[in-house]
Amino acid sequence: MATIRAAQSGFAPLPGKIRKLSPTARHCALWALLLADTGMTAQQALSAALSSASTTAPSSETSGLAPVERNLCSELVYGYLRTELRIAFILSKVLPRPQSLPRPLLHVLGLAVYGLLFQSKVPDYAAVFSAVETAQALYGQGLARVANGALRSVQRLADAPMHEDFYLSKDAEFGCAEHMGLFYSLPLWIMGHWYKHYGRDAALQLARRSFERPWSAVRLNAQHSDAVVLREALLSCGGEAVGQWGFAFAPGVQPSFVCGQSLHDLQNEGALSYQSAGSQLVLEALGLYGWDKPVWDVCAGFGGKTVALLEREVAVSFATDRSMQRLSGLPGQCLRLGLACPSVALADAVKPPLKYWDGHLLVDAPCSGLGVLARRPDIRRRPPQEAIEHQSLQQSILRSLATKVRSGSQIAYITCTLRPNENEKQIEQLVREVDGLQVLRQWQTPHEHPWLEGMFGALLVKA
(Lines give C-alpha, C1' and ligand atoms only; values in the text may rest on other atoms or scores of the structure.)
Protein backbone atom coordinates (compact mmCIF):
# COMPACT_ATOMS: atom_id res chain seq x y z
CA MET A 1 0.00 0.00 0.00
CA ALA A 2 1.23 3.45 -0.90
CA THR A 3 2.07 5.76 1.96
CA ILE A 4 3.46 9.17 2.72
CA ARG A 5 6.46 8.73 4.94
CA ALA A 6 7.46 11.22 7.57
CA ALA A 7 10.04 13.64 6.28
CA GLN A 8 13.41 13.70 7.99
CA SER A 9 12.89 17.31 8.85
CA GLY A 10 13.41 17.55 12.55
CA PHE A 11 9.88 18.91 12.94
CA ALA A 12 7.18 17.15 14.93
CA PRO A 13 5.68 14.16 13.07
CA LEU A 14 2.16 14.49 11.77
CA PRO A 15 -0.70 12.32 13.02
CA GLY A 16 -0.64 8.72 11.88
CA LYS A 17 -3.73 8.95 9.67
CA ILE A 18 -2.20 11.75 7.64
CA ARG A 19 1.00 9.80 7.14
CA LYS A 20 -1.06 6.90 5.77
CA LEU A 21 -2.77 8.92 3.06
CA SER A 22 -1.98 7.85 -0.49
CA PRO A 23 0.73 10.04 -2.07
CA THR A 24 -1.39 12.10 -4.43
CA ALA A 25 -0.60 15.68 -5.36
CA ARG A 26 -3.33 16.98 -3.02
CA HIS A 27 -2.20 14.86 -0.10
CA CYS A 28 1.41 15.95 -0.59
CA ALA A 29 0.20 19.54 -0.72
CA LEU A 30 -1.65 18.98 2.57
CA TRP A 31 1.52 17.53 4.06
CA ALA A 32 3.56 20.51 2.85
CA LEU A 33 1.10 23.02 4.32
CA LEU A 34 1.22 21.31 7.69
CA LEU A 35 5.01 21.42 7.58
CA ALA A 36 4.79 25.11 6.68
CA ASP A 37 2.66 25.56 9.80
CA THR A 38 5.64 24.42 11.86
CA GLY A 39 7.82 27.25 10.54
CA MET A 40 9.28 25.87 7.32
CA THR A 41 9.36 28.08 4.26
CA ALA A 42 7.12 27.03 1.39
CA GLN A 43 10.14 25.79 -0.53
CA GLN A 44 11.43 23.74 2.40
CA ALA A 45 7.99 22.29 3.15
CA LEU A 46 7.29 21.40 -0.48
CA SER A 47 10.69 19.80 -0.89
CA ALA A 48 10.22 17.74 2.27
CA ALA A 49 6.72 16.64 1.25
CA LEU A 50 7.74 15.64 -2.26
CA SER A 51 10.78 13.73 -1.08
CA SER A 52 8.70 11.82 1.45
CA ALA A 53 6.11 10.70 -1.07
CA SER A 54 6.90 7.24 -2.34
CA THR A 55 5.35 4.07 -3.63
CA THR A 56 5.94 0.84 -1.79
CA ALA A 57 5.28 -1.57 -4.63
CA PRO A 58 8.31 -3.92 -4.50
CA SER A 59 8.67 -4.02 -8.27
CA SER A 60 8.61 -0.27 -8.72
CA GLU A 61 11.85 1.12 -10.08
CA THR A 62 10.92 4.70 -9.43
CA SER A 63 9.44 6.46 -6.44
CA GLY A 64 7.65 9.68 -5.76
CA LEU A 65 5.09 11.61 -7.76
CA ALA A 66 5.07 11.79 -11.54
CA PRO A 67 6.22 15.18 -12.93
CA VAL A 68 2.67 16.30 -13.68
CA GLU A 69 1.62 15.46 -10.10
CA ARG A 70 4.66 17.28 -8.69
CA ASN A 71 3.75 20.37 -10.68
CA LEU A 72 0.17 20.18 -9.44
CA CYS A 73 1.36 19.80 -5.86
CA SER A 74 3.65 22.82 -6.23
CA GLU A 75 0.86 24.93 -7.71
CA LEU A 76 -1.49 23.94 -4.89
CA VAL A 77 0.99 24.81 -2.14
CA TYR A 78 2.14 28.14 -3.57
CA GLY A 79 -1.32 29.08 -4.84
CA TYR A 80 -2.98 28.28 -1.53
CA LEU A 81 -0.41 30.32 0.42
CA ARG A 82 -0.84 33.29 -1.93
CA THR A 83 -4.61 33.22 -1.43
CA GLU A 84 -4.77 31.93 2.14
CA LEU A 85 -6.39 34.97 3.74
CA ARG A 86 -8.98 35.26 1.01
CA ILE A 87 -9.81 31.56 1.28
CA ALA A 88 -10.12 31.81 5.07
CA PHE A 89 -12.62 34.65 4.62
CA ILE A 90 -14.66 32.60 2.15
CA LEU A 91 -14.77 29.64 4.53
CA SER A 92 -15.90 31.96 7.32
CA LYS A 93 -18.94 32.76 5.17
CA VAL A 94 -20.01 29.13 4.74
CA LEU A 95 -19.03 27.65 8.10
CA PRO A 96 -20.31 28.86 11.49
CA ARG A 97 -17.01 28.34 13.36
CA PRO A 98 -14.24 27.33 10.95
CA GLN A 99 -11.47 27.88 13.51
CA SER A 100 -12.97 25.12 15.67
CA LEU A 101 -12.17 22.57 12.95
CA PRO A 102 -8.89 20.61 13.00
CA ARG A 103 -6.09 22.45 11.23
CA PRO A 104 -5.52 19.64 8.66
CA LEU A 105 -9.21 19.74 7.73
CA LEU A 106 -9.05 23.51 7.22
CA HIS A 107 -6.17 22.97 4.80
CA VAL A 108 -8.12 20.22 3.00
CA LEU A 109 -11.02 22.63 2.56
CA GLY A 110 -8.71 25.47 1.60
CA LEU A 111 -7.04 23.43 -1.12
CA ALA A 112 -10.45 22.51 -2.49
CA VAL A 113 -11.59 26.15 -2.47
CA TYR A 114 -8.40 27.11 -4.29
CA GLY A 115 -9.22 24.49 -6.92
CA LEU A 116 -12.80 25.73 -7.30
CA LEU A 117 -11.76 29.37 -7.73
CA PHE A 118 -8.39 29.34 -9.43
CA GLN A 119 -7.80 26.05 -11.24
CA SER A 120 -9.77 26.08 -14.46
CA LYS A 121 -8.28 22.77 -15.60
CA VAL A 122 -9.51 20.89 -12.50
CA PRO A 123 -13.21 19.91 -12.64
CA ASP A 124 -15.16 21.22 -9.67
CA TYR A 125 -16.51 17.78 -8.85
CA ALA A 126 -12.96 16.44 -8.64
CA ALA A 127 -11.87 19.14 -6.19
CA VAL A 128 -14.91 18.54 -3.98
CA PHE A 129 -14.79 14.74 -4.17
CA SER A 130 -11.09 14.61 -3.28
CA ALA A 131 -11.55 16.89 -0.27
CA VAL A 132 -14.57 14.99 1.07
CA GLU A 133 -12.80 11.67 0.59
CA THR A 134 -9.76 12.97 2.51
CA ALA A 135 -11.98 14.33 5.29
CA GLN A 136 -13.68 10.93 5.51
CA ALA A 137 -10.31 9.14 5.75
CA LEU A 138 -9.02 11.47 8.44
CA TYR A 139 -12.07 12.21 10.57
CA GLY A 140 -14.95 9.95 9.57
CA GLN A 141 -18.37 10.56 8.17
CA GLY A 142 -19.38 13.44 10.43
CA LEU A 143 -16.69 15.91 9.35
CA ALA A 144 -16.82 14.56 5.81
CA ARG A 145 -20.42 15.79 5.71
CA VAL A 146 -19.30 19.16 7.08
CA ALA A 147 -16.67 19.39 4.35
CA ASN A 148 -19.14 18.42 1.67
CA GLY A 149 -21.70 20.96 2.88
CA ALA A 150 -19.13 23.76 3.08
CA LEU A 151 -17.79 23.16 -0.41
CA ARG A 152 -21.28 22.90 -1.90
CA SER A 153 -22.00 26.28 -0.30
CA VAL A 154 -18.86 27.73 -1.87
CA GLN A 155 -20.04 26.42 -5.24
CA ARG A 156 -23.38 28.14 -4.75
CA LEU A 157 -21.53 31.46 -4.31
CA ALA A 158 -20.63 31.14 -8.01
CA ASP A 159 -18.16 33.86 -9.00
CA ALA A 160 -19.00 36.24 -6.14
CA PRO A 161 -15.66 35.53 -4.31
CA MET A 162 -13.78 36.74 -7.40
CA HIS A 163 -15.09 40.28 -6.91
CA GLU A 164 -14.01 42.98 -4.49
CA ASP A 165 -17.54 43.59 -3.15
CA PHE A 166 -17.59 40.17 -1.53
CA TYR A 167 -14.82 41.17 0.90
CA LEU A 168 -16.24 44.49 2.07
CA SER A 169 -17.16 44.31 5.74
CA LYS A 170 -20.18 46.14 7.11
CA ASP A 171 -18.38 49.12 8.63
CA ALA A 172 -15.43 49.40 6.23
CA GLU A 173 -15.01 51.94 3.45
CA PHE A 174 -14.81 50.49 -0.03
CA GLY A 175 -11.18 50.38 -1.18
CA CYS A 176 -9.65 50.91 2.26
CA ALA A 177 -6.47 49.04 3.17
CA GLU A 178 -8.34 46.45 5.24
CA HIS A 179 -10.80 45.75 2.41
CA MET A 180 -8.23 45.49 -0.36
CA GLY A 181 -5.75 43.64 1.81
CA LEU A 182 -8.36 40.94 2.26
CA PHE A 183 -9.16 40.85 -1.45
CA TYR A 184 -5.47 40.47 -2.32
CA SER A 185 -4.80 38.18 0.62
CA LEU A 186 -2.32 40.48 2.34
CA PRO A 187 -1.97 41.05 6.09
CA LEU A 188 -3.16 44.49 7.12
CA TRP A 189 0.31 45.53 8.29
CA ILE A 190 1.69 45.08 4.75
CA MET A 191 -1.24 46.64 2.93
CA GLY A 192 -1.43 49.50 5.41
CA HIS A 193 2.28 50.13 5.05
CA TRP A 194 2.01 50.39 1.27
CA TYR A 195 -1.03 52.67 1.51
CA LYS A 196 0.82 54.95 3.90
CA HIS A 197 4.16 55.17 2.09
CA TYR A 198 3.29 54.70 -1.59
CA GLY A 199 -0.33 55.85 -1.83
CA ARG A 200 -3.48 53.90 -2.66
CA ASP A 201 -2.93 53.51 -6.41
CA ALA A 202 0.63 52.24 -6.07
CA ALA A 203 -0.36 49.99 -3.16
CA LEU A 204 -3.05 48.34 -5.27
CA GLN A 205 -0.57 47.81 -8.11
CA LEU A 206 1.83 46.13 -5.71
CA ALA A 207 -0.94 44.03 -4.16
CA ARG A 208 -2.14 42.89 -7.57
CA ARG A 209 1.39 41.91 -8.55
CA SER A 210 1.92 39.96 -5.35
CA PHE A 211 -1.32 38.05 -5.89
CA GLU A 212 -0.46 36.82 -9.39
CA ARG A 213 1.58 33.73 -10.22
CA PRO A 214 5.24 34.81 -10.57
CA TRP A 215 7.18 34.77 -13.80
CA SER A 216 10.14 32.43 -14.08
CA ALA A 217 13.51 33.60 -15.37
CA VAL A 218 16.86 32.27 -16.53
CA ARG A 219 20.23 33.93 -16.98
CA LEU A 220 22.53 32.85 -19.80
CA ASN A 221 26.19 32.40 -19.00
CA ALA A 222 27.76 35.14 -21.13
CA GLN A 223 30.99 33.15 -21.31
CA HIS A 224 29.39 30.00 -22.69
CA SER A 225 30.23 29.22 -26.32
CA ASP A 226 26.56 28.96 -27.31
CA ALA A 227 25.36 32.02 -25.40
CA VAL A 228 24.52 34.11 -28.48
CA VAL A 229 22.67 31.26 -30.21
CA LEU A 230 20.73 30.46 -27.06
CA ARG A 231 19.81 34.11 -26.59
CA GLU A 232 18.14 34.20 -29.99
CA ALA A 233 16.42 30.87 -29.34
CA LEU A 234 15.01 31.99 -25.99
CA LEU A 235 13.66 35.17 -27.55
CA SER A 236 11.94 33.14 -30.27
CA CYS A 237 10.38 30.93 -27.56
CA GLY A 238 8.51 33.85 -26.03
CA GLY A 239 11.13 34.94 -23.52
CA GLU A 240 11.13 38.59 -22.49
CA ALA A 241 14.61 40.08 -22.33
CA VAL A 242 15.86 41.05 -18.87
CA GLY A 243 19.03 43.08 -19.22
CA GLN A 244 21.60 41.74 -21.64
CA TRP A 245 21.56 38.02 -20.83
CA GLY A 246 18.40 37.35 -18.88
CA PHE A 247 14.99 36.08 -20.02
CA ALA A 248 11.69 35.96 -18.20
CA PHE A 249 8.66 33.83 -19.01
CA ALA A 250 5.03 34.24 -18.06
CA PRO A 251 3.50 31.33 -16.09
CA GLY A 252 3.12 28.32 -18.35
CA VAL A 253 5.18 29.81 -21.19
CA GLN A 254 8.70 28.73 -20.26
CA PRO A 255 9.93 26.25 -22.90
CA SER A 256 11.05 22.77 -21.90
CA PHE A 257 13.61 22.54 -24.71
CA VAL A 258 15.83 25.11 -26.45
CA CYS A 259 18.06 24.29 -29.41
CA GLY A 260 17.20 20.63 -28.97
CA GLN A 261 18.27 20.48 -25.32
CA SER A 262 16.23 20.61 -22.16
CA LEU A 263 16.71 23.59 -19.86
CA HIS A 264 17.78 21.10 -17.22
CA ASP A 265 20.60 19.80 -19.44
CA LEU A 266 21.63 23.33 -20.41
CA GLN A 267 21.81 24.22 -16.76
CA ASN A 268 23.95 21.18 -15.99
CA GLU A 269 26.43 22.02 -18.73
CA GLY A 270 26.80 25.59 -17.49
CA ALA A 271 24.94 27.39 -20.25
CA LEU A 272 22.31 28.95 -17.99
CA SER A 273 21.14 29.40 -14.43
CA TYR A 274 17.77 30.08 -12.87
CA GLN A 275 17.67 33.53 -11.29
CA SER A 276 14.74 35.86 -10.72
CA ALA A 277 14.39 38.67 -13.21
CA GLY A 278 14.47 41.31 -10.48
CA SER A 279 17.77 40.03 -9.10
CA GLN A 280 19.28 40.22 -12.57
CA LEU A 281 17.93 43.64 -13.39
CA VAL A 282 19.06 45.38 -10.21
CA LEU A 283 22.69 44.50 -11.04
CA GLU A 284 22.24 46.08 -14.47
CA ALA A 285 20.39 49.11 -13.11
CA LEU A 286 23.15 49.92 -10.62
CA GLY A 287 25.85 49.47 -13.26
CA LEU A 288 27.68 46.76 -11.33
CA TYR A 289 28.74 44.94 -14.50
CA GLY A 290 31.08 47.86 -15.07
CA TRP A 291 32.93 47.44 -11.78
CA ASP A 292 36.69 47.42 -12.36
CA LYS A 293 37.99 46.69 -8.87
CA PRO A 294 38.00 43.48 -6.80
CA VAL A 295 34.57 42.81 -5.32
CA TRP A 296 33.65 41.38 -1.95
CA ASP A 297 30.14 39.88 -1.91
CA VAL A 298 29.45 40.33 1.78
CA CYS A 299 26.08 38.55 2.07
CA ALA A 300 26.63 36.08 -0.75
CA GLY A 301 24.01 33.55 0.30
CA PHE A 302 23.84 30.85 -2.38
CA GLY A 303 26.09 32.97 -4.61
CA GLY A 304 23.60 33.85 -7.35
CA LYS A 305 24.79 37.43 -7.73
CA THR A 306 28.44 36.40 -7.29
CA VAL A 307 28.36 34.11 -10.32
CA ALA A 308 26.25 36.57 -12.31
CA LEU A 309 29.06 39.13 -11.91
CA LEU A 310 31.78 36.57 -12.61
CA GLU A 311 30.05 35.58 -15.86
CA ARG A 312 30.41 39.21 -16.95
CA GLU A 313 34.12 39.18 -16.00
CA VAL A 314 33.72 41.28 -12.87
CA ALA A 315 36.48 40.28 -10.45
CA VAL A 316 34.58 38.95 -7.45
CA SER A 317 37.45 37.75 -5.29
CA PHE A 318 35.81 37.21 -1.91
CA ALA A 319 32.38 35.87 -0.91
CA THR A 320 31.16 35.57 2.66
CA ASP A 321 27.95 34.72 4.44
CA ARG A 322 26.90 33.85 7.96
CA SER A 323 25.45 30.55 6.75
CA MET A 324 27.90 27.95 5.52
CA GLN A 325 24.94 25.83 4.39
CA ARG A 326 24.07 28.52 1.84
CA LEU A 327 27.64 29.40 0.94
CA SER A 328 28.73 25.80 0.43
CA GLY A 329 26.98 25.64 -2.93
CA LEU A 330 29.09 28.42 -4.49
CA PRO A 331 32.14 26.31 -5.48
CA GLY A 332 29.84 23.84 -7.25
CA GLN A 333 28.10 26.66 -9.11
CA CYS A 334 31.43 28.06 -10.27
CA LEU A 335 32.59 24.62 -11.40
CA ARG A 336 29.37 24.08 -13.38
CA LEU A 337 29.66 27.48 -15.06
CA GLY A 338 33.37 27.21 -15.78
CA LEU A 339 34.27 30.13 -13.53
CA ALA A 340 37.14 30.62 -11.10
CA CYS A 341 35.69 30.41 -7.61
CA PRO A 342 36.43 33.32 -5.29
CA SER A 343 37.70 32.78 -1.78
CA VAL A 344 34.80 31.91 0.50
CA ALA A 345 34.52 32.28 4.25
CA LEU A 346 31.95 32.03 6.99
CA ALA A 347 31.58 35.57 8.32
CA ASP A 348 28.99 37.80 9.93
CA ALA A 349 28.58 41.02 7.95
CA VAL A 350 28.08 42.89 11.22
CA LYS A 351 31.59 41.83 12.25
CA PRO A 352 33.59 41.76 8.99
CA PRO A 353 36.79 39.70 9.15
CA LEU A 354 38.87 42.33 7.30
CA LYS A 355 40.09 45.68 8.61
CA TYR A 356 39.99 47.28 5.13
CA TRP A 357 38.89 46.32 1.62
CA ASP A 358 40.54 47.99 -1.36
CA GLY A 359 37.78 47.19 -3.86
CA HIS A 360 33.99 47.42 -4.03
CA LEU A 361 31.41 45.86 -1.69
CA LEU A 362 28.19 44.12 -2.69
CA VAL A 363 25.67 43.99 0.16
CA ASP A 364 22.60 41.91 -0.74
CA ALA A 365 21.13 42.46 2.68
CA PRO A 366 18.72 40.24 4.64
CA CYS A 367 15.29 41.85 4.41
CA SER A 368 11.57 41.40 4.95
CA GLY A 369 11.04 40.24 1.34
CA LEU A 370 7.90 42.26 0.62
CA GLY A 371 8.95 42.56 -3.01
CA VAL A 372 8.85 38.82 -3.66
CA LEU A 373 5.51 37.86 -2.11
CA ALA A 374 4.31 36.19 -5.31
CA ARG A 375 7.32 33.88 -5.46
CA ARG A 376 7.62 33.39 -1.69
CA PRO A 377 4.01 33.58 -0.44
CA ASP A 378 4.84 32.18 3.01
CA ILE A 379 6.36 35.60 3.83
CA ARG A 380 2.76 36.77 4.30
CA ARG A 381 2.69 34.66 7.46
CA ARG A 382 5.61 36.41 9.11
CA PRO A 383 4.91 38.89 11.90
CA PRO A 384 5.75 42.60 11.37
CA GLN A 385 8.32 42.37 14.13
CA GLU A 386 10.60 40.44 11.77
CA ALA A 387 10.71 43.40 9.40
CA ILE A 388 11.80 45.64 12.27
CA GLU A 389 14.50 43.16 13.21
CA HIS A 390 15.76 43.14 9.60
CA GLN A 391 15.87 46.91 9.66
CA SER A 392 18.07 46.90 12.74
CA LEU A 393 20.36 44.25 11.26
CA GLN A 394 20.74 46.22 8.01
CA GLN A 395 21.76 49.33 9.95
CA SER A 396 24.42 47.37 11.80
CA ILE A 397 25.76 45.84 8.58
CA LEU A 398 25.96 49.14 6.71
CA ARG A 399 27.57 51.02 9.59
CA SER A 400 30.19 48.34 9.99
CA LEU A 401 31.04 48.02 6.29
CA ALA A 402 31.11 51.74 5.56
CA THR A 403 34.30 52.02 7.61
CA LYS A 404 36.03 49.22 5.65
CA VAL A 405 36.16 50.79 2.19
CA ARG A 406 38.81 53.23 0.98
CA SER A 407 38.43 56.43 -0.99
CA GLY A 408 37.04 55.80 -4.48
CA SER A 409 35.52 52.43 -3.59
CA GLN A 410 31.81 51.76 -3.92
CA ILE A 411 29.14 50.00 -1.88
CA ALA A 412 26.11 48.46 -3.61
CA TYR A 413 23.20 47.92 -1.22
CA ILE A 414 20.37 45.67 -2.47
CA THR A 415 17.16 44.35 -0.93
CA CYS A 416 14.14 42.50 -2.29
CA THR A 417 11.64 44.39 -0.19
CA LEU A 418 9.23 47.30 -0.64
CA ARG A 419 9.57 49.04 2.68
CA PRO A 420 11.21 52.50 2.83
CA ASN A 421 12.65 51.90 6.30
CA GLU A 422 14.74 49.09 4.85
CA ASN A 423 15.57 50.93 1.63
CA GLU A 424 15.72 54.69 1.08
CA LYS A 425 15.76 55.59 4.77
CA GLN A 426 18.63 53.21 5.47
CA ILE A 427 20.68 54.95 2.82
CA GLU A 428 19.70 58.43 4.04
CA GLN A 429 20.72 57.55 7.58
CA LEU A 430 24.02 56.01 6.47
CA VAL A 431 24.99 59.08 4.43
CA ARG A 432 24.19 61.32 7.42
CA GLU A 433 26.32 59.25 9.77
CA VAL A 434 29.39 58.46 7.63
CA ASP A 435 31.59 61.29 6.41
CA GLY A 436 32.49 61.26 2.73
CA LEU A 437 29.85 58.77 1.64
CA GLN A 438 27.76 59.84 -1.36
CA VAL A 439 24.88 58.29 -3.29
CA LEU A 440 25.79 57.70 -6.93
CA ARG A 441 22.63 55.93 -8.03
CA GLN A 442 19.40 54.58 -6.60
CA TRP A 443 16.90 52.30 -8.31
CA GLN A 444 13.67 50.53 -7.45
CA THR A 445 11.36 48.32 -9.48
CA PRO A 446 8.60 50.56 -10.87
CA HIS A 447 5.42 50.02 -8.86
CA GLU A 448 3.39 49.80 -12.05
CA HIS A 449 5.43 46.95 -13.52
CA PRO A 450 2.98 44.05 -13.84
CA TRP A 451 5.23 41.11 -12.95
CA LEU A 452 8.81 42.08 -12.02
CA GLU A 453 9.82 41.42 -8.41
CA GLY A 454 10.10 44.43 -6.15
CA MET A 455 13.82 45.18 -5.78
CA PHE A 456 15.69 48.16 -4.37
CA GLY A 457 19.29 49.10 -4.95
CA ALA A 458 21.58 51.97 -4.05
CA LEU A 459 25.16 52.60 -5.14
CA LEU A 460 27.36 54.70 -2.86
CA VAL A 461 30.93 55.90 -3.20
CA LYS A 462 33.49 56.84 -0.57
CA ALA A 463 34.99 60.24 -1.42
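**Figure 1. The whole chain, with its 19 helices and 15 strands.** Helices (H or I, at least four residues) and strands (E, at least two) are DSSP runs, numbered from the N terminus. This is a predicted model, in which local features need pLDDT of at least 70 and side-chain atom pairs count only at pLDDT 80 or more, while totals for chains, interfaces and linings use all residues. Residues are numbered from 1 along each chain as its sequence is written, and side-chain values use heavy atoms, with hydrogens and water left out. The C-alpha trace spans about 75 × 60 × 45 Å along its principal axes. Of the 463 residues, 52% are buried (under 20% relative accessible area; exposed is over 50%, and partly exposed lies in between, with a 1.4 Å probe and protein chains only).

**Figure 2. A look at Ser 343 in strand S11 (residues 343-346).** Ser 343 is partly exposed, with a relative accessible area of 46%. Leaving aside residues up to four places away in sequence, Ser 343 touches Ser 317, Phe 318 and Ala 319 (contact means heavy atoms within 4.5 Å). You can also find Trp 296 in this view: 47 residues separate Ser 343 and Trp 296 in sequence, and their C-alpha atoms are 9.5 Å apart in space.

**Figure 3. Two loop residues with positive phi, Ala 158 and Glu 313.** Ala 158 sits in the loop between helix H8 (141-156) and helix H9 (177-183). Its phi is near 55 degrees, a positive value in a residue other than glycine, and Ala 158 counts as exposed at 54% relative accessibility. Glu 313 belongs to the loop between helix H15 (304-311) and strand S10 (316-321). Phi of Glu 313 is about 65 degrees, although the residue is not a glycine, and Glu 313 counts as exposed at 67% relative accessibility.

**Figure 4. Inside the second largest pocket, with about 320 Å³ of space.** On a 1 Å grid over the protein atoms alone, a pocket is an open set of points where a 1.4 Å probe fits, with protein on both sides within 12 Å along at least five of seven lines; lining residues have an atom within 4 Å of a point. The volume is the space filled by probe spheres set on the points, which are joined across faces, edges and corners. Helix H4 (residues 67-82) gives the largest share of the lining, 5 residues. Among the lining residues, look for Val 68, Glu 69, Phe 118, Lys 121 and Arg 213. The lining divides into 4 nonpolar, 3 polar and 4 charged residues.

Key: Nonpolar A, V, L, I, M, F, W, Y, C, P; charged D, E, K, R; others polar.
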